[in-house]
Structures are given as structure tokens and as C-alpha cells.
Amino acid sequence: MADVLVKNSPMWNLNPVLCENVLIERVKVISHDVNNDGCDPEACKNVWIKDCYFDTGDDCIAIKSGRDEDGRDIGKPAENHIIENCEMKDGHGGVVIGSEIAGGAKNIYAIGNVMDSKNLDRALRIKTSSSRGGIIENVFFYNTKVGAYKEAAVRFNMHYEKPGNHIPTIRNIWVENLTVEKGGKYAIFSDAYETSPVTDFTMINAKMNGIETPYKVDYLKNVTLKNVTVNGKPLTKLKP
């Protein structure tokens, strides 16, 4: 899909499902209402979203792999995605994984994207729950420029919806070369399970300004922070 304008879907705007080798480029999505995600590739493999524009009432790009039993029964993860040189304005999140992620997600690359809006809640958002389950791993967030946002530059949430018996896994999340000009409430915000902490979270060369509180986290394991500053002060540890 290329060179089209998509406006005002009553729900998700673009939703390729169980597809392989998907290219979406130079697409503009403008849609402001409840659950108006911009682009939601679901249980897809080999996806490239490039040079697109999103201004939405919900998540700009939300990578998915099925809701609860639907995702577990099929068992196909979201796999090998590149999100490159896109612009995000309003939205609950810029680059998002979940919440319908029961099949898991792996090898997700966001490169060279620009985000800026007082109505953008988060830059990188990973949301799931124990009714979803799934393994979310190998997420790389490179060379991102953010102006304003509301809540968090990086947000992990394992308690997004109702609980169940399928504890999710989030591991190997890498954020590098992130700049934030105006910021929001937190730089990093995590809400995980003690039995399943967010594991192997790395942040390198991040400069975040205009932040109210540097972080709010609970269960994180194997955290690496290198050359990270919040409001001009080094951030070297994340303590619950």
C-alpha cells in the first residue's frame, strides 16, 4: 500500500492479518475517535512501514498477534517488522506492541522516527496482560526524536486489561539515540509482574528534557543505562 490518505475509520484504520511481506509507504492516516489506531499489522511476518504519517485518536502503530485464545490457537507471532522514517502526532502511543499480543512479537525495529504532540501519550509502548500472555522480545528503538508527550517516553505495562492465567514475557528491549525536548510525566514507566519482570532493558545515548519525574518502575531485571540524562542529570539506575 502506497501513496494514499486514510481518514476516520470507525476503528482501526489499516489491519493486515496473517500476511507476509507487507510494505506500507508514504501513507497518511488521520483519524480521531475511540480506538482509532493508525496501522495494526496482526500476526504478520516481514512488515516494512516507512515514510508514513499518523495523527490518531488511539495508537499510531500497534503491532498485534491476536487476542487471548484467538492468538494462542493460531500461534503466529508478529515477526520481523521495521518502522522507519515515520512521523507521529496525536495518539496513545507512537510505536506500540499490544495489547492483542497473545501470539507474541519478536524482532521489531523502529528506526529514525519523529514524534511530537501534546496529545501523544507515549513514544514506545508495550502493553499486555495475563489474559493475553505471549513473549515480546527483541524490540529495538533507534534514532528517535521526540518533541512533546504526556506520560512516558518508554512504557511497559503487563496489567493493561483483565488478569488471567497466561503471564506475559517482555525481554530484550533496546533503546538507543533517543532525544526528548519537552517531555512529560516520566522518562521510563514500568508496571510488570514480580514473577515475570521486564528483562534485559538497555538504554544508550538518551537525552530527555522537560520530565516531571525521571522514572516510576517496579520489576525490571538486567537493566543497562549508558549515557542517559534526564533534565540534564545522569540516570544510572532504576530503583523500584
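This report describes the sheet, the nonpolar core, the salt bridges, the cysteines and some backbone details of a predicted model.

## The parallel sheet

Six strands form an open sheet in the order 6-9-12-14-16-18, and their pairing is parallel. The edges are held by strand 6, covering residues 61-63, and by strand 18, covering residues 213-216, each of which pairs on one side only. From one strand to the next the twist averages 10°.

Within this sheet, strand 12 (residues 122-127) and strand 14 (residues 152-157) run parallel to each other and are paired over five bridges. Ile-126 stands opposite Phe-156, a residue of strand 14.

At one edge, strand 18 includes Lys-216, which is partly exposed at a relative accessible area of 44%. Apart from neighbours within four places in sequence, Lys-216 is in contact with Tyr-186, Ile-188, Phe-189 and Ser-190. Val-175, in contrast to these contacts, is separated from Lys-216 by 41 residues in sequence and by 17 Å in space, taken from C-alpha to C-alpha.

## The nonpolar core

The largest nonpolar core contains 61 residues, and the members that touch the most others are Ile-49, Phe-54, Leu-178, Met-203 and Met-208. In soluble globular proteins, nonpolar side chains tend to be buried together.

When residues up to four places away in sequence are not counted, Met-208 touches Ala-153, Leu-178, Val-180, Ala-187, Met-203, Val-228, Thr-229, Val-230 and Asn-231. Two of the residues in that list, Leu-178 and Met-203, are themselves named with Met-208 among the core members that touch the most others.

## Salt bridges

The count of salt bridges comes to 17. One of them joins Arg-132 to Asp-68, with the closest N and O atoms 2.9 Å apart. This pair links distant parts of the chain, since Arg-132 lies in the loop between strand 12 and strand 13 (135-148), whereas Asp-68 lies in the loop between strand 6 and helix 1 (69-74), 64 residues apart. Both Arg-132 and Asp-68 are buried.

Another salt bridge is formed by the side chains of Arg-155 and Glu-151, at 3.4 Å from N to O. Arg-155 is buried at 9% relative accessibility, and Glu-151 is likewise buried, with a relative accessible area of 17%. Elsewhere, salt bridges that share partners connect Lys-64, Arg-67, Asp-68, Glu-100, Arg-132 and Glu-161 into one network. The side chains of Arg-26 and Glu-25 also meet in a salt bridge, at 3.1 Å from N to O; here Arg-26 counts as partly exposed at 39% relative accessibility, while Glu-25 is buried at 15%.

## Glu-42 and its surroundings

Glu-42 is placed in the loop between strand 3 (28-31) and strand 4, and with 14% relative accessibility it counts as buried. Leaving aside neighbours within four places in sequence, Glu-42 is in contact with Trp-12, Asn-15, Pro-16, Val-17, Leu-18, Lys-64, Ser-65 and Gly-66. One of these contacts, Lys-64, is also a member of the salt-bridge network. The C-alpha atoms of Glu-42 and Ile-83, which are 41 residues apart along the chain, are separated by 14 Å.

## Cysteines without disulfides

A search of the whole structure finds zero disulfides. For Cys-44, the closest cysteine sulfur belongs to Cys-19 and lies 4.6 Å away, which is too far for a bond, because a disulfide requires the two sulfur atoms to be within 2.5 Å. For Cys-60, the closest cysteine sulfur is that of Cys-86, at 9.6 Å, and this is again too far for a bond. Cys-44 is buried with a relative accessible area of 1%, and Cys-60 is buried with a value of 0%.

## Backbone details

The peptide bond joining Gly-98 and Ser-99 is cis, with omega about 0°. Ser-99 is located in the loop between strand 9 (95-97) and strand 10 (105-111).

Asn-46 has a phi near 65°, a positive value in a residue other than glycine. Asn-46 belongs to strand 4 (residues 45-50) and is partly exposed, with a relative accessible area of 27%. A positive phi, near 60°, is also found for Asn-222, which lies in strand 19 (residues 220-230) and counts as partly exposed at 46% relative accessibility.

Definitions and conventions. Residues are numbered from 1 along each chain as its sequence is written. This is a predicted model: local features need pLDDT of at least 70, side-chain atom pairs count only at pLDDT 80 or more; totals for chains, interfaces and linings use all residues. Side-chain values use heavy atoms; hydrogens and water are left out. Two strands pair if DSSP finds at least two bridges between them. Helices (H or I, at least four residues) and strands (E, at least two) are DSSP runs, numbered from the N terminus. Axes are lines fitted to C-alpha atoms, for helices over the stretch in contact, and angles run from 0 to 180 degrees between N-to-C directions. Buried means under 20% relative accessible area, exposed over 50%, partly exposed in between (1.4 Å probe, protein chains only). Contact means heavy atoms within 4.5 Å. A nonpolar core is a set of buried Ala, Val, Leu, Ile, Met, Phe, Trp, Tyr and Cys residues joined through side-chain atoms within 4.5 Å. A salt bridge is a side-chain nitrogen of Lys or Arg within 4 Å of a carboxyl oxygen of Asp or Glu.
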